[in-house]
Amino acid sequence: MTLRHYTAAAIVSLALVGCATANPPVVAAAPAPTVQDSAPQADPARMDAIIKTLASDEYEGRAPGTPGETKTIAYLVEQFRKLGLEPGAPNGAWTTEVPLLHTKLDTGVPLQLATGQGAMTLRQGEDVYISTQRNVDRAVVDNAPLVFVGYGVTAPEKGWDDFKGADLKGKIAVFLVNDPDFGLAEGAPNAGLFGGQAMTYYGRWTYKFEEAVRQGAIGALIVHDTPAAGYGWNTIVSPGGENYDLVQGPDGEGRLMIQGWLSSDAAQRVFAAAGLDLAKQAAAARSRNFKPVPLTGETLSASVPVTSETVQSHNVIAKITGTTRPDETISYGAHWDAYGIGATPDARGKKIRAGALDDASGIAAMMEVARMFKSGTPPQRTILFGIWTAEERGLLGSEHFVASNLYPADKMVADITFDTLQPNGKARDFVLIGKGQSTLEDYLAKAAAAQGRTITPDAKPERGLFYRADHFSFAKRGVPSLIVMALGGGVDLVNGGRAAGDKWVSDFTANCYHQPCDDWKADWDLSGAAQDADLGYAIGRELADSDAWPKWKPGSEFAGKRK
């Protein structure tokens with residue numbers, strides 16, 4: 001195990017030289033207001049310059065703990081400094097350290113499944129995808145029995161328990177993705193008990209791995225299904241055996257030895273070898289009466305080499321201190337990390353997964369919001385700007401920040417997170433992810449109406465996007481949160497309409513999400529992304545100069561957290 005430690009002092013030192021090699025865009029004064037619109041507005045050209053810089057090859061895909069992180073942090077600090085913001089970390093610093101455990105499994109080593117019909121080899125990347133969060137030299141599983149646990153949900157408030165007291169110690173739990181009521185027809189038993197078509201947190205893979213730990217399992221595998229997961233197998237395998245976690249105990253105690261996914265085809269073969277029909281078992285799992293089903297005669301063995309290192313990654317935090325209620329905060333967030341350099345090139349020969357839209361576009365929007373705040377009257381409440389590490393690895397940077405209580409959650413008015421904006425021009429509407437969660441939606445509707453836009457509910461609620469970005473770290477602690485993201489269904493574009501918006505979402509999700517083709521494009525039209533930045537600013541500006549506190553709506557699963 002090696003220690004890769006980039007100190008805050010070294011980063012700020014780099015920032016002081018202006019990150020000269022990165023050619024950062026010059027931060028100019030805010031544009032003069034026009035007669036027609038006196039409110040400040042985001043500048044698409046400035047946003048484009050920021051994205052182009054952060055998505056350039058020099059930043060190497062911005063993976064945590066790499067030289068790409070060092071350059072990224074220095075660039076971000078310099079941008080905040082030029083905008084005239086204050087450092088938001090302790091002791092006048094711009095950054096806080098986020099200690100991460102970085103692991104990587106050897107993806108060339110197959111797993112062996114013993115069955116009553118003979119041995120079955122599961123090839124990594126094709127039949128199975130696994131990683132680990134344990135600080136070990138080898139991920140070892142020795143003849144661990146497989147148990148199908150349905151959707152793996154423990155929800156006392158809904159009278160639902162998929163485990164029924166089953167002993168999973170030392171076993172591999174096999175899950176279905178999404179919720180027990182996903183895809184059920186209206187009127188069917190249990191239809192709408194969870195989120196219906198909209199995924200709840202019980203449906204997320206993160207929840208299922210957490211529940212496997214609580215149930216004592218040594219490992220967990222989720223059966224992949226593109227509609228239920230919200231993304232294809234290419235997205236599943238894109239990390240290439242890598243995983244990150246906040247540093248835990250000596251060897252990652254409290255984490256699974258292996259966790260990952262079974263491809264749909266492989267899962268059918270695995271169930272069939274145990275004399276079971278996967279489709280019938282999946283149907284049975286939709287009932288409260290479901291009990292775990294051992295895959296009789298099947299045990300999994302693996303001994304996969306693991307390389308690990310402790311990485312001192314960083315969050316970047318800036319602020320504008322409120323004039324009259326400085327202890328009350330409004331948080332803006334985006335994440336700086338992407339997926340670094342991949343193992344194999346794509347069809348163009350490119351290996352760097354630059355994360356141009358996901359999430360350099362969110363950073364660009366946040367920087368414009370910061371500029372707009374600085375161009376106007378100082379806010380009465382403190383405005384925070386957090387750019388988080390390791391979002392792509394499980395929302396780790398934002399989780400570390402909120403858990404630190406540096407800015408207490410009970411004094412946080414709202415969080416607005418920018419993550420993956422669309423580059424196709426202006427839109428007639430805004431697609432809302434997480435409809436029905438909080439009264440921030442009312443502020444959003446008001447701001448959108450001022451732009452001549454309407455609000456459209458998320459067309460892809462099964463993707464569970466409300467649980468997949470950094471705002472979730474705030475929401476689960478009771479902070480009303482809004483995610484500004486373009487992946488919840490296509491917007492009604494001024495040029496091309498809904499059909500063009502939907503086509504872009506489908507193409508991006510299928511081909512470029514976490515892939516090398518999420519890179520900067522010269523033909524982008526970021527006027528729509530600038531619209532979304534303006535929405536975020538308008539909401540925060542209204543809250544900053546009032547004593548209002550947005551509230552969770554009664555049906556939200558987070559409503560009790562604020563209380």
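Two strands count as paired when DSSP finds at least two bridges between them, and that idea is the one to hold in mind as you begin this tour of a predicted model.

Start by selecting strand S7, residues 138-148, together with strand S14, residues 293-320; the two pair in the antiparallel sense, and eight bridges link them. To find one of these bridges, highlight Phe148 and look across to S14, where its bridge partner is Val293.

Keep S7 selected and add strand S10, residues 172-176, which runs parallel to S7 and is joined to it by three bridges. Here the residue to click is Leu146, whose bridge partner in S10 is Ile172. As you look along these strands, it may help to remember that in a regular strand the side chains alternate between the two faces of the sheet.

Next, turn to the interior and select Phe80, Tyr332 and Phe385, which touch the most other members of the largest nonpolar core, a set of 130 residues. Now add helix H9, residues 356-375, since this helix gives the most to that core, contributing 12 residues. With Phe80 centred in your view, show its surroundings: leaving aside neighbours within four places in sequence, Phe80 is in contact with Leu85, Trp94, Val316, Ala318, Met366, Met367, Phe385 and Ile387. A second core, separate from the one around Phe80, has 21 residues, and among them are Ala173, Ala212, Ala220 and Ala229.

From Ala212 you can move to helix H4, residues 205-214, in which the buried residues are Thr206, Tyr207, Lys208, Phe209, Glu211 and Ala212. Which strands should you display beside them? The buried residues of H4 pack against strand S8 (154-155), S10, strand S11 (219-223) and strand S13 (258-262), so that S10, already met as a parallel partner of S7, comes back into view. Then step past the end of the helix to Gly216, which follows H4 and has a positive phi, near 90 degrees.

For the last stop, look for the one disulfide that the structure holds. Select Cys512 and Cys517, which it joins with an S to S distance of 2.0 Å, and notice that the link is left-handed, with -125 degrees about the S-S bond. Are these two cysteines buried or exposed? Cys512 has a relative accessible area of 14% and is therefore buried, because buried means under 20%; Cys517, at 16% relative accessibility, counts as buried by that cut-off too.

Note on methods
Residues numbered from 1 in each chain as written. Predicted model: local features only at pLDDT ≥ 70, side-chain atom pairs only at ≥ 80, totals over all residues. Heavy atoms only, no water. Helix = DSSP H or I, 4+ residues; strand = E, 2+ residues; numbered from the N terminus. Core = buried A, V, L, I, M, F, W, Y, C linked by side-chain atoms within 4.5 Å. Buried < 20%, exposed > 50% of the residue type's maximum accessible area, 1.4 Å probe, protein only. Contact = heavy atoms within 4.5 Å. Disulfide = S-S within 2.5 Å.
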